[in-house]
Amino acid sequence: MTTDDQGEDVTSVTRPRMEPQEAFAELGAIVLGQPLGVVLRRIADLVVACIPGADEVSVTLVDGDKTTSVAFTGSLAASLDERQYDDGFGPCLDAAQTGQHLRIDDTADGELYAGFCAVAARRGVRSVLSVGLPMPQRVVGAINIYHFGAEPLDAEAEQLASAFAGYAAVALANAALYASTADLAINLQTAMNSRAVIEQAKGVLIGRLGCTPEEAFTHLATQSQHQNRKLRDIATEVVENATGRPGH
């Protein structure tokens with residue numbers, strides 16, 4: 001058992017498990033016509049119910065220039081998300097912007113997000129998994145899993161989280177379709193543009209450095225943290241420097 005810096009005891013919880021197919025059947029029945037917040041909260045609850053080691057879960061949504069945790073199962077997940085939003089970088093933010101799966105298997109040895117990992121470790125979180133929501137040509141959010149146990153979240157947990165992310169993406173697509181104002185559509189376009197420029201920047205770095213896509217992303221994320229700037233702003237600068245014209 002670990003005591004977090006809010007004075008609360010946190011430990012990995014053993015709960016009765018729901019079969020994933022049962023959860024997916026439930027989501028398939030409710031995802032159409034339900035309010036976005038209700039659906040995303042239920043998805044977060046079902047991730048906890050189905051995935052061993054998912055001690056707390058949140059759903060990050062990028063809404064234009066504003067990033068929020070629109071659903072979460074506990075205050076620890078919400079506060080760790082907020083820490084990343086305040087910093088302007090972190091696994092949940094970068095997963096939301098890029099669509100990647102970002103895993104931190106041991107927060108005591110997390111190099112890429114050292115500041116966040118130190119805070120998470122003090123709060124009793126040993127591993128973190130953030131999975132970007134798959135959207136056609138756009139990624140506007142992520143599912144984030146916080147785990148207290150000594151063993152890291154495994155490949156099965158990552159696969160299941162990816163499946164749940166697909167249902168969250170359907171909920172977001174429906175919200176965009178039925179929105180009563182143009183605001184959400186405009187913000188989704190902003191998210192699409194952010195991902196596009198990040199992918200362009202990765203391509204530039206792959207050509208310049210002869211590196212892999214994963215190494216290109218790590219380079220961008222490291223610069224984001226060192227310069228305390230948003231990942232998309234670093235990516236825009238890389239594209240502009242390479243092309244001599246504004247990034248898109």
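Start with helix α7 (residues 183-209): Glu 199 and Lys 202 both sit in it, three residues apart, or about one turn of the helix. Their side chains meet in a salt bridge, at 3.5 Å from N to O. The two ends of that pair fare differently in terms of cover: Glu 199 counts as partly exposed, at 35% relative accessibility, whereas Lys 202 counts as buried, at 8%. Keep in mind while looking around that this is a predicted model.

**The chain overall**

Zooming out, the protein chain has nine helices and seven strands. Of its 248 residues, 48% count as buried. The chain exposes about 11,400 Å², and carbon and sulfur atoms supply 51% of that area. Contacts reach across the sequence too: among those between residues at least 6 apart, 64% join residues at least 24 apart.

**Salt bridges**

How many salt bridges does a search of the whole structure find? The search turns up seven. As a bit of background, side chains of opposite charge can pair when their charged atoms come close. Three of the pairs found here are set out below, including the one in helix α7.

| Pair | N to O distance |
|---|---|
| Arg 103 and Glu 158 | 2.9 Å |
| Glu 237 and Arg 229 | 3.3 Å |
| Glu 199 and Lys 202 | 3.5 Å |

Take Arg 103 and Glu 158, whose closest N and O atoms are 2.9 Å apart. This pair ties together distant parts of the chain: Arg 103 belongs to strand β5 (residues 101-104) and Glu 158 to helix α6 (residues 155-178), 55 residues apart. Arg 103 is partly exposed, with a relative accessible area of 35%, while Glu 158 is buried at 18%, a value that falls under the 20% cut-off for buried. Asp 105 joins in as well, linked with Arg 103 and Glu 158 in a network of salt bridges.

With Glu 237 and Arg 229, both partners have some exposure. Glu 237 counts as partly exposed at 33% relative accessibility, and Arg 229 counts as partly exposed at 28%.

**The sheet**

Strand β5 brings us to an open sheet of five strands, ordered β4-β3-β7-β6-β5 with antiparallel pairing. Why do β4 (66-72) and β5 each have a side without a neighbour in the sheet? They stand at the edges and each has a single partner strand, so one side of each is left open in that sense. From one strand to the next, the twist averages 20 degrees.

Now walk through some of the pairings. Strand β3 (residues 56-63) runs antiparallel to strand β7 (residues 141-147), and six bridges join them. Within that pairing, Thr 60 has Ala 142 in β7 as its bridge partner. On β7's pairing with β6, the sense is antiparallel again, over six bridges, and Ser 127 is partnered with His 147 in β7. Then β5 and β6 run antiparallel, joined by four bridges, with His 101 standing opposite Val 131 in β6.

Strand β6 (residues 127-132) deserves a second look: six of its six residues are buried, so the strand is largely enclosed by the rest of the structure. In a regular strand the side chains alternate between the two faces of the sheet. Both faces of β6 are covered, with Ser 127, Leu 129 and Val 131 buried on one side and Val 128, Ser 130 and Gly 132 buried on the other.

**Two buried polar residues**

Thr 107 lies in the loop between β5 and α5 (114-122). Is Thr 107 buried or exposed? Thr 107 is buried, with a relative accessible area of 4%. A polar atom of its side chain lies 2.7 Å from the backbone oxygen of Val 125. Leaving aside residues up to four places away in sequence, Thr 107 touches Cys 117, Ala 120, Ala 121, Val 125, Arg 126, Ser 127 and Val 128. Thr 107 and Val 128 are 21 residues apart in sequence, with their C-alpha atoms 7.8 Å apart in space.

Gln 84, found in helix α3 (residues 75-87), is buried too, with a relative accessible area of 0%. What does the side chain of Gln 84 reach at 2.9 Å? That would be the backbone nitrogen of Cys 92. Not counting residues up to four places away in sequence, the residues Gln 84 touches include Phe 89, Gly 90, Pro 91 and Leu 93, along with Phe 116 and Tyr 146.

Conventions:
Residues numbered from 1 in each chain as written. Predicted model: local features only at pLDDT ≥ 70, side-chain atom pairs only at ≥ 80, totals over all residues. Heavy atoms only, no water. Buried < 20%, exposed > 50% of the residue type's maximum accessible area, 1.4 Å probe, protein only. Polar contact = N/O pair within 3.5 Å; in protein donor to acceptor, adjacent residues only side chain to side chain. Contact = heavy atoms within 4.5 Å. Salt bridge = Lys/Arg side-chain N within 4 Å of Asp/Glu carboxyl O. Areas by Shrake-Rupley, 256 points an atom, 1.4 Å probe, with all protein chains shown as cover. Pairing = 2+ DSSP bridges. Axes fitted to C-alpha atoms, helices over the stretch in contact; angles between N-to-C directions.
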